[in-house]
Each structure stands twice: as structure tokens, then as C-alpha cells.
Amino acid sequence: MNGGSKTDIRITPSALAGEISAPASKSYAHRAFFCAAIAQDESRIRCSSVSDDVCATIGCLVSLGAKIEKSGEIYKVTPIKNPSANAVFDCRESASTLRFLLPLVSVFGTGAVIKASGRLPERPIKPLADELRSAGAVISDSFPIKVSGKADKTEYSVPGNVSSQFVSGLLIALSLCGGRLKVTRPVESKPYIAMTVEMLKKFGVSVSEENNVFTVSGRCRGTEIAVEGDWSNSLCWLAGGIKVNGLYDLSLQGDRTAYELINNLGGGIEINASDIPDAVPVIAVCAAAAEGRTVIKNASRLRLKESDRIASVSAMLRSLGADVSETEDGLVINGKPLLDGGYVDSFGDHRIVFAASLAASKCRNEVIIGNAECIGKSYPDFFEIFNKLGGKADVLLNR
């Protein structure tokens, strides 16, 4: 789907059936490309699919001085030898790209201009930027972000309850120089931090942790690695009864556990979403069509995503006839056997498109998703696969 146009999608309720291969994990792909780009020698990354966000990461790393060549599913990464001075980087709408890139260019000290689009300029970056400033980097307050100076500390500290990407970005940058990172409590989205540690170790970096203090030593070394399947982007299919091949049962991805929660809905359940924020839209849709009351809590950071995801999930479900109310940090949903259908806006959020597409199978009438082109952020061929599985999605308006 062309992200440059505005596209409305009409979905006629129908049952999905069949099996697919999982898309490559967006979260692991970001980490693999960043580690490969700063490694001491060449790497090969097998990645079966890339999204707009991952393309943003690849583009920024090339601008920084890496060489990335694609042949089929294999990406050969020749690492950065001499970081580009005062390069211009376009993170598009990818928060991972921005929050991993900013520490890296600050530690390199080569200067940079960083651009962003969509809602990304409104999303939190200040705690990370402030910590890098304390280390010697000079970082402007607004977009495009101008970076100069050099961050040369070996000990950093960031809060653990704003974005796990602050932690991941600093851990990756510390692999260049070694050092320690203290993550202050409370620490949320722990699985994403664990994924970063796992990826660094696969590239030969030593990472240890004690009492939320991470010690990093050793440079990334070139390697061959395959990006595993994406539990987050597969959750919609799994919840719709589709068999998804290529998912690792022992994966560190937090949304692996979300599928278990979906299977236990009904009769009343309370869900702590602090480690599975990306799964909340799909969980909420399933809860809206399940028996009993579902309470989703500890999800306040969802208000800082591509949309205010608590408000947008609530609005989407109410538009379809669900019984849902917002709390400060989550949702309360009273399930009913069948939803009505209707028009929902994506709010520019790919996760809302996933959830609304799943909700269509639980509706009496058709569902129209406005501005559905944002699906390309993480899953460009989603609707093509949706129709192959028996779905009935067609472009209602392309403008």
C-alpha cells in the first residue's frame, strides 16, 4: 500500500482461514542492522520482510557510512569505518530509528541533522537527549534535531518508564566505548530491553546486569544472523484463527505471551500491559467480543505512541458498537457476542488498522477504516495477505 496517498479500506465481514509465514520481527531487525553497522567487520542478515520503519533505519545507517546491499532475503552489511560528518538523517515515523540513532551519532561526535515526520516529533525524546547533553553532546530542542559535540561519558542513567528504546539506544552506543547504564525504576517493556541485550551478545558484546545496572564491554563483531518472526505483527492473524509459521516459541518478544492472554479471555480478567503495550489493540478487540469484563491496566505509555493509543482504541471500539471506557492507564471492556460495524479512523496508527481489521470478523456489518495507508509502517502487504486468507478488503477511496 502506498504510504504517500490517503487510503480508506472497506472490509466485509468474513471468516479467515489458512496459514501464513510470519513477517520478520521489526524490533529484531532494527537491532540487527544497528549492531551490524557498527561492527568491526562484515555481517549478513537474513530478513524475510522489511517495513517502512526498518527501511528508515537502513537509510539512516547508510547515510552514517554503512554499506547495505540486498540480495533476496540476505542483506550484506559493510560496517561504518569513518562516520559521515554532519549527515542528514530521515527517521520518517520510526521511534526506534530515532532513539537508537541519537546516542550513536552523539558518541561518534561527527555532528548530524535528524528529521522526523508524522507524530514522531511529538513523542518523548528529552530524557535521552538530556543524558547525552550531560555527556558533552549539543542537541537542539526541536526538529530537525541538530547534533554537535561529542558524548564521552562511560556511565549513563535513564528512566525505565518512558521508553525502553532509550535504554536500547544507549546500550548499543556503549558497545563502541564500553561503560555502564543505570535504568531507574520502574522499568517497563522489559522484553524489549532483553531483546537488545540478546542481539548485542549475538554480535559478541559482553552485557551483564545487576539491580538494573547494565555493564557493556567489547565491540560488535560481524556475524551471520536470521531475524526471527514477529509475534506483534502476527497477533492479529493468530487471534483470527490463522496458523502462523516461523514464530519462535521461546522468543524474548513480549507479545508471545499476549496470545496466551487472548486465549484466556472470557468470564472476567485483568491484564497488566506494562510489558506488552503493542498487543493492547488486538487484545482489546478480542475482549470486546468475549464474555465478561476485561480490565487492561498499566498501559499509560500507550498515550505516547503513534496515536494516543488508549484513546484511539477506545474510539475505534465505540465506533463499532463495543462497550468500552477509558481509564488513566488503560481500558475497561464489557464483552458482547457481536459488534455492529461502522467507520473507524486509523488515527495514523498501524496498530489500530490491525485491530480494526480483526474486529471486522466480529461485526454484523461492514467496517470502513479511514487512512489505512499507515499499515505500511510495519506491514506493507497486510491487506494482500488478508484477502488471500479469505478476507474481503477493498480500497474504497484512494486520494
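User: What makes β20, helix α11 and β21 a right-handed β-α-β unit?

Analyst: The model is predicted: local features need pLDDT of at least 70, side-chain atom pairs count only at pLDDT 80 or more, and totals for chains, interfaces and linings use all residues. Residues are numbered from 1 along each chain, and side-chain values use heavy atoms, without hydrogens and water. β20, helix α11 (residues 350-360) and β21 form the unit; helices (H or I, at least four residues) and strands (E, at least two) are DSSP runs numbered from the N terminus. A crossover is right-handed if, with the strands pointing away from the viewer, the path from the first strand over the helix to the second runs clockwise; the unit is therefore assigned that hand.

User: How do you know that strand β20 and strand β21 pair?

Analyst: Pairing requires at least two bridges found by DSSP. β20 (residues 342-345) and β21 (residues 367-370) have four bridges, in the parallel sense, so they count as paired. Gly 342 stands opposite Val 367 in β21.

User: Why is the space of about 400 Å³ called a cavity?

Analyst: On a 1 Å grid over the protein atoms alone, a cavity is a set of points where a 1.4 Å probe fits but cannot get out; lining residues have an atom within 4 Å of a point. Points join across faces, edges and corners, and the volume is the space filled by probe spheres set on them. The space of about 400 Å³ is the largest cavity, and 28 residues line it, with Ser 96, Arg 123, Gln 165, Asp 278 and Lys 305 nearest its centre. α1 gives the most to this lining, with four residues.

Note on methods. On a 1 Å grid over the protein atoms alone, a cavity is a set of points where a 1.4 Å probe fits but cannot get out, and a pocket is an open set with protein on both sides within 12 Å along at least five of seven lines; lining residues have an atom within 4 Å of a point.
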